[in-house]
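Student: Could you walk me through one part of this model up close? I'd like to hear about the pockets and what lines them.

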Amino acid sequence: MRPSRRALLTATATATAAFAATPTTPTTPTRTTSHTDPLRTGFEQLQASGYAALHGRRVGIVTNPTGVTRDVRHIVDVMHADPRVELTAVFGPEHGFRGTAQAGGSEGRYDDPATGLPVYDTYLKSGKPLADVFTASGVDTVVFDIQDVGARFYTYIWTLYDCMEAARLAGKRFVVLDRPNPVTGRTAQGPVLHKEFATFVGRQPIAQAHGMTVAELARLFNGEFLAAPVELTTVLMSGWKRSDFYDASGLPWVPPSPNMPTADTALVYSGTCLFEGTNLSEGRGTTRPFELLGAEGIDGRWALEANRLKVPGVRFREAYFAPTFSKFQGKTIGGVQIHVHDRAAYDPVRTGIALLVTAKKVWSGFAWRSDNWIDKLTGSARVRTMIDAGATTDEVVAAWQDELKAFQKIRKEYLLYG
């Protein structure tokens, strides 16, 4: 019989407390207690402990270019050079371990030139095939350290989920090193995925902007969604508050993927990524992906209509641009640029809906992608069908409030920081 959520939470809390109490480990509070303390990532906490959570283990790590120290050394290079860690394998997600692949690509299996470590490809692998990769690697502990951006359809959190499930199947221990949610962890926003729409851009029913860190998500996955719990250790941050944006962290920003160049991109992404489900450009191929949106035939009417809605915290500027790749490559197109002027008031998901509603209103060429990809991104057919029926932004947002409240209640049980 699967343990109850309460029993699982108690067991996880005990494991975390035991790790924090190790003599060589600095105290790692379950909740951040002082905003005056400098932020320390999960990796920094692990390193300061002398890698106590990894003693006597053959370790493999799931990571990408964001797995860096604050002086921008990659943690694989740091751990490989440290005799206290037996690091024997690396597992690369979408875009690859060193980040050489574009969206929808990976680096494949190779030996890392810098360390000589074998690098295994996890992209689009799950279940037993991924468990077999972990088994073949010879590791007994899988570590995860990747910077998330806070959106359900950003695939690294589902790499986390798939790797946790595969580690469980392979009998491996799983360790998550926490990093900040760059757009804060104040609240969850947007629709919750309906299970019949599950894909790699949303495996399980969480909100479109989840408002959690990867360690919190790991606890949620373990307690709610895995077929059975994996042996999970979470190494928490210190000095992070839920209201903090990324620029408060003091950490360098390393693009988690080629089209996530800045923390400003992450701020808007959970709303404007919805334009991947339309025939408009979402700004790929520009220096401001997901902040610039447009298509041939759009003019200043879109910005005027969007600004009339007075969406909190944001203004829209008429913009013209020529993407260097992806939709409308090499063509000058019109649209809008998003300018967030009040981050505390800004709701990226409402903003994304407002832009869809107004784009359809002012541009006769508006169309959804023929595969209804928008349904995978929003987690159901509701947003598409409501907008097609002429619903307003407020009506669309109101339609998901009950399911969002239900998710908020579950989410609250797994939060680790104040």
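Tutor: Let's start with the walls: the lining of the largest pocket divides into 15 nonpolar residues, six polar and six charged. Here Ala, Val, Leu, Ile, Met, Phe, Trp, Tyr, Cys and Pro count as nonpolar, Asp, Glu, Lys and Arg as charged, and the others, Gly among them, as polar. Keep in mind that this is a predicted model, so local features need pLDDT of at least 70 and side-chain atom pairs count only at pLDDT 80 or more, while totals for chains, interfaces and linings use all residues. Residues are numbered from 1 along each chain as its sequence is written, and side-chain values use heavy atoms, with hydrogens and water left out.

The largest pocket has a volume of about 460 Å³. Of its 27 lining residues, the closest to the centre are E94, A103, T155, E276 and R284. A pocket, by the way, is an open set of points on a 1 Å grid over the protein atoms alone, where a 1.4 Å probe fits, with protein on both sides within 12 Å along at least five of seven lines; lining residues have an atom within 4 Å of a point. Points are joined across faces, edges and corners, and the volume is the space filled by probe spheres set on them.

The second largest pocket comes in at about 190 Å³. It has 18 lining residues, and V183, T184, R186, Q189 and P348 lie nearest its centre. By class, that lining holds nine nonpolar, seven polar and two charged residues. Helix α7 (residues 263-272) gives the most to it, with three residues; helices (H or I, at least four residues) and strands (E, at least two) are DSSP runs numbered from the N terminus.

P348 also leads us on to a sheet. Three strands make an open, antiparallel sheet in the order β10-β12-β11, where two strands pair if DSSP finds at least two bridges between them. β10 (292-295) and β11 (314-321) are at the edges with a single partner strand each, so one side of each has no neighbour in the sheet. Between β11 and β12 (residues 333-340) there are eight bridges. Helix α9 (residues 348-362) packs on this sheet, touching β10, β11 and β12, and its direction makes about 50 degrees with that of β11. Contact means heavy atoms within 4.5 Å, and angles run from 0 to 180 degrees between N-to-C directions of lines fitted to C-alpha atoms, for helices over the stretch in contact.
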